[in-house]
Amino acid sequence: MVFAAPGEALAGAEEVLASGPPPLHASVAHQVIGIWQRDFGDTRRALAHLRRARDLAARAESPEREADVLATLGVALVHTGRTRQGLAAFERGVARGTGHTRARVLFRRAYVWWVLGRHGEALDDVRRAIPVLRQADDVIWTARALTLRATVHLALGAVERAEADFTAAEALWDTTGQEHDKADAVESRGLAAFRSGDVPAALRLLDAAEERYAKLGTPTFMLTIRRCEVLMAAGLAPEALAEADGAITALDGMGGQSTRKAELLLVAARAARLADDPQAAIARAALAVRLFAGQRRTWYESHARLVLAEARRAAGRGSGRLVADAAAVARRLAAAGAPAAPEASLLAGRIALELGWTADAERHLAVAARSRRAGPPLARMTGWAAQALRARAAGSHRGVLEACRRGLDVLDDHRMTLGASELRARATAQGAELAALAQRASLASGGPRRLLVWSERWRATVLSAPPARPPADPVLLSGMTAFREIAARAEEARREGGRPVPVLEREQRRLEREIRSRTLHMRGEAPGGGDRFDVGRLLEQLGDGVRLVELVVLDGRVHVLLCGRGRVRRYEAGLLAEAEREAEHVQAGLRRLAHPGAEARLPLVEAAGRRLQELLLGPVAGRLGSGPVVVVPPARLHRVPWALLPALRERVLSVSPSATSWLRAHDTAPPPGGSEVLVRGPGLAGGGAEVTELAGRGGGFGGPGALDGGEAGRGGSPAGRRIVLEGDAARVPRVLRELDGAALAHIAAHGTFRADSPLFSSLRMADGPLIAHDLERLERSPYRIILSCCDTARFATVGADELLGLVTALLPLGTAGVVACSAPVNDAAVVPLMLALHKGLDAGLSLAEALRDARAALPGDALHQATGWAFSAFGAA
């Protein structure tokens, strides 16, 4: 019962001891308490109870009982870091037990071998145990042994063998009441899914196992380790670091197993390194190395030394000694059959290249490159990265580009198995090095066209296909409804009392975690990375009049690719870091200008705009011609108000995350007979006045609009109708129904950007926030959409060159053009801008044309000028 019902087992054992039992029964009771303390409590208390159980078994003159207790004691000793004593206890246990009992002892010793990273010994012992356990018809222990053997196979990279054993074990667990072991089986299947490259399935199974453990009150430190591994593979390293550090604190607080602490430190070190915090990685990895060495766990010690070496290189401590350390780790990992061995060889090769040791680098990189042909996606990525570095060292630009292409193809296939747009975006970080290598090789050998192709190869890829949408998932839908209700109540409490309500905020965060978790479980369906970018087609669509300006950052400097009139030309501009600082100054200036009385700031903001133009466009500012311009900035420059730049201020200007995205928007046809939807959310300082005026005047659908807030359902929206949703009609379900497939949507609502969780960025509706996750459930987002309030064009920069936010949630779903705002604006000043914008749309202009004319129609004071600069047109509609 100690695993199936741990609380009841503990109470029962204490009751037995209180009854003054004979030594044999007392031995069993102390062993149960020892197991409970070992796995769920204080390991020091566990050792005291287990030693007492051993002594009582000897007094009872029961060799079988003594052998069984010695096995339990051996596990506890190893988990407290006393490896030599633990293995000695197992030697005595194997000698004392016979038959069925010895098989159970061998199984537990196999488990200890696995903990120690000695997988060959683990397989030997578990293979000896399984036939005896099966012959004795011991279902529970046979299932445990199969699960352990599968776990060892996974550690050695034998995924198919592991899956066969997991399947056999799960069939046995279904015949028992062992709820803890059933949860462990689900956790193990999650690990197998991860090792085979299926991240969504791994997250789903690990979350399901956690729910089962929670019902039993079981600590989940091993599950935390596995979940952190999956989160890191999904590009969520900061979250993995927070989870691992939290688990270490909890483990220390309960006096838990030192073996688990060492493993948590290792996973925390890896997460810190991936989160670009090398000093934190060094501190955690160094402590993990010391613990593993003291525990005689050479397998894990080698992995910790690998992370330590990677973190030291990231901290700028590359040296000949570090090359030797990485090479030694690679040899130890390869000898142990560890799948991480190529990573160590790649690290040794990288550092050798940086030191100019080309012969040493070639030797190490050649070993690492062998992994490019087989294995899970990220292992093959390691191999292709090594091959690309080999080609660069040999001076072969063609070899670099071929290796980068093959490696990014692998990552494309992996990325498209992910259903959630957040995971797709974050996964691109794995390909950042390959993309940069290819861009450098293109710059050196292929001219501006090739550089454009490689810039597009890995830019804004999350927009290449819609995210998976599960409208039939009742748990997700009910969670989003509950989230909206709680968020609305929390917002109302803040408005009325001026202070947050902790209980509501805690529930809101819990619901956010649940929604995000279920979203991450979704699996993608589209193979590959979509259509390849075609420079010739781009130039054909641009024609002679339109110029597309794509900004590429290489080694910290901005390169400008000017596309148009059948040519692609490259120019150098300024440093990215300086441009980012200037953009922040501009944002601060626009925030000040949103309030009356700040007119003196206007010349400062305009001067900053001139400096930005020099840093970002350089000589291209004078070569743009007189026609429309499309700007394609890297993700880190998404907050630049492009209309502020003097060369762009009075022209038709649109912004696009990539040239590929612009082409897709350019080719998107408006829906036949689509409706125009006007939405006004609650609590606007200016009351969303433009919505009221637009609702009462004629529009682009040929006739006066109908104030239609009370009409229910999409069936009540005739083709070409103007639908106005305000007051209680502006509730999220109704708004989503009307937005789906609309020709034009205008939403005046408070916008909130969430840098910590960008897909929870929101627009406030009557019943609570409409979030980016809601927009991803649309079958087809509006062809054109205008978001007239603050911060709707703010994004989080993630992955290699990706953006997440409200606008990017719309672009893959059929939206060809968006007008949105990247800074706080004055609500009253927005009204004339929006009315002028709609006047241009009614005259048949595109969003970019109408926005240009609307800016020109505004009064010339600082407040209105700043309002016009804050808005941008995205896309091509």
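**A tour from one cysteine outward**

Begin by selecting Cys404, which is buried, with a relative accessible area of 0%; bear in mind throughout that the structure on the screen is a predicted model. Next select Cys228, which likewise has 0% relative accessibility and therefore counts as buried, since that word applies to anything under 20%.

With cysteines highlighted, it is natural to turn to their sulfur atoms. A disulfide is a covalent bond between the sulfur atoms of two cysteines. How many disulfides does a search of the whole structure find? The search returns 0, with a pair of sulfur atoms having to lie within 2.5 Å to be counted.

Now switch to a cartoon view of the whole protein, where you can follow 37 helices and 18 strands. Showing the C-alpha atoms alone and turning the model along its principal axes, you will find that they fill a box of roughly 100 × 65 × 45 Å. The radius of gyration is 31 Å, which agrees with the value near 29 Å that a compact globule of 877 residues would have.

Colour the residues by accessibility next, and buried residues will make up 59% of the 877 in the protein. If you then display contacts with a separation of 6 or more, 70% of them are between residues 24 or more positions apart.

Finally, bring up the surface, of which the protein exposes about 33500 Å², with carbon and sulfur atoms supplying 50% of that area. Selecting the charged side chains gives 115 positive and 99 negative charges, and the mean positions of these two sets are 5 Å apart.

Definitions and conventions:
Residues are numbered from 1 along each chain as its sequence is written. This is a predicted model: local features need pLDDT of at least 70, side-chain atom pairs count only at pLDDT 80 or more; totals for chains, interfaces and linings use all residues. Side-chain values use heavy atoms; hydrogens and water are left out. Buried means under 20% relative accessible area, exposed over 50%, partly exposed in between (1.4 Å probe, protein chains only). Helices (H or I, at least four residues) and strands (E, at least two) are DSSP runs, numbered from the N terminus. The radius of gyration is taken over C-alpha atoms; the globule rule is 2.2 Å times the number of residues to the power 0.38. Contact means heavy atoms within 4.5 Å. Accessible areas come from the Shrake-Rupley method with a 1.4 Å probe; for residues, only the protein chains shown count as cover. Lys and Arg count as positive and Asp and Glu as negative; His and the chain ends are not counted. The place of a charge is taken as NZ of Lys, CZ of Arg, CG of Asp or CD of Glu.
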